Amino acid sequence: MAEQRVIDNLIENGSDPDLAHDLEYCFRGDQTALERITDALTSHGYTLLDGQDLTEGRVVLSKSMMLDFLAIRAESDANEAFAKQFGGELDGWGASVVSST
């Protein structure tokens, strides 16, 4: 359960689980697949990170979420399905530490 390991690591490193975190999901695929994934996920509240070139075979999209295991697991499952549907692959997700101080 990679989601729980990432959440635990964030908290161990000082993240406040009561604050929203920008989860960055990384996808791989050809330009067409990445364009389709980007279009689908931006309509679901994701933001394309600046400075990306879809011709490089990789794209990172961000969405603000709480560190809730079940919600993140559901989001990851949905993103994996989107990636497969459009001919790409979900490579994983990460987030930066967010603290209240």
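Modeller: Let us begin with a term: contact means heavy atoms within 4.5 Å. The model before us is predicted, and S62 offers a case. Setting aside residues up to four places away in sequence, S62 touches D22, L23, E24, G45, Y46, T47 and L49.

Biologist: Where is the place of S62, and is S62 buried or exposed?

Modeller: S62 sits in strand β3. A residue counts as buried under 20% relative accessible area. S62 has a relative accessible area of 9%, and is therefore buried.

Biologist: In which element of the protein chain is confidence lowest, and in which is it highest?

Modeller: Confidence is expressed as pLDDT, from 0 to 100. The protein chain averages a pLDDT of 94, and 99% of the residues score at least 70. The lowest mean, 91, belongs to helix α1 (residues 2–12), and the highest, 97, to strand β1 (residues 21–28).

Biologist: Which residue contacts does H21 have, leaving aside its neighbours within four places in sequence?

Modeller: H21 belongs to strand β1, and its relative accessible area is 0%, so H21 is buried. Beyond its sequence neighbours, H21 is in contact with S15, D16, K63, S64, M65, L67, S96 and V98. One of these partners, K63, is 42 residues away in sequence, while the two C-alpha atoms are 8.0 Å apart in space.

Biologist: How many Å should helix α2 span?

Modeller: A helix can be checked against its expected rise of 1.5 Å a residue. The 12 residues of α2 (residues 31–42) should span 16 Å, and the end C-alpha atoms are 16 Å apart, which agrees.

Biologist: Which residues of α2 are buried?

Modeller: The general idea concerns the helical repeat: an α-helix has 3.6 residues a turn, so residues three or four places apart point the same way. In this structure, A33, L34, I37, T38, A40 and L41 are the buried residues of α2. They cover an arc of only 165° around the axis, which puts them on the same side of α2. The elements covering these buried residues include β1, β2 (47–48), β3 (58–65) and α3 (69–85).

Biologist: Which residues is T38 in contact with, leaving aside its neighbours within four places in sequence?

Modeller: T38, in helix α2, is buried, because its relative accessible area is 8%. Outside its own stretch of sequence, T38 is in contact with L48, L54, V59 and L61.

Biologist: Which residue caps the N-terminal end of α2?

Modeller: D30 does so: one of its side-chain oxygens lies 3.2 Å from the backbone nitrogen of T32. The start of α3 can be read likewise, for there a side-chain oxygen of D68 reaches to within 3.2 Å of the backbone nitrogen of L70.

Biologist: What are the buried residues of α3, and which exposed residues does the face turned away from them carry?

Modeller: First, the length: α3 has 17 residues and reaches 24 Å from its first C-alpha to its last, close to the 24 Å expected. Its buried residues are I72, E75, S76, N79, F82 and A83. They cover an arc of only 125° around the axis, which puts them on the same side of α3. Among the elements covering them are α1, β1, α2, β3 and β4. The face turned away from the buried side carries the exposed residues L70, K84 and Q85. Just after α3, G87 takes a positive phi of about 85°.

Biologist: Is E80 buried or partly exposed?

Modeller: E80 is found in helix α3 and counts as partly exposed, because its relative accessibility is 34%. A81, also placed in helix α3, is partly exposed at 44% relative accessibility. The C-alpha atoms of A81 and D91, 10 residues apart in sequence, are 12 Å apart in space.

Biologist: Which residues in the largest nonpolar core touch the most other members?

Modeller: In soluble globular proteins, nonpolar side chains tend to be buried together. Here the largest nonpolar core holds 21 residues, of which Y25, F27, I37, L41, L61 and I72 touch the most other members. Two or more residues come from each of α1, β1, α2, β3, α3 and β4 (89–94). The greatest contribution is that of α2, with four residues. Apart from its neighbours within four places in sequence, F27 is in contact with residues including L34, I37, L41, V59, L61, A83 and L90.

Terms used: Residues numbered from 1 in each chain as written. Predicted model: local features only at pLDDT ≥ 70, side-chain atom pairs only at ≥ 80, totals over all residues. Heavy atoms only, no water. pLDDT = per-residue confidence, 0-100. Expected span 1.5 Å × (residues − 1). Buried < 20%, exposed > 50% of the residue type's maximum accessible area, 1.4 Å probe, protein only. Arc of directions from axis to C-beta. Polar contact = N/O pair within 3.5 Å; in protein donor to acceptor, adjacent residues only side chain to side chain. Core = buried A, V, L, I, M, F, W, Y, C linked by side-chain atoms within 4.5 Å.
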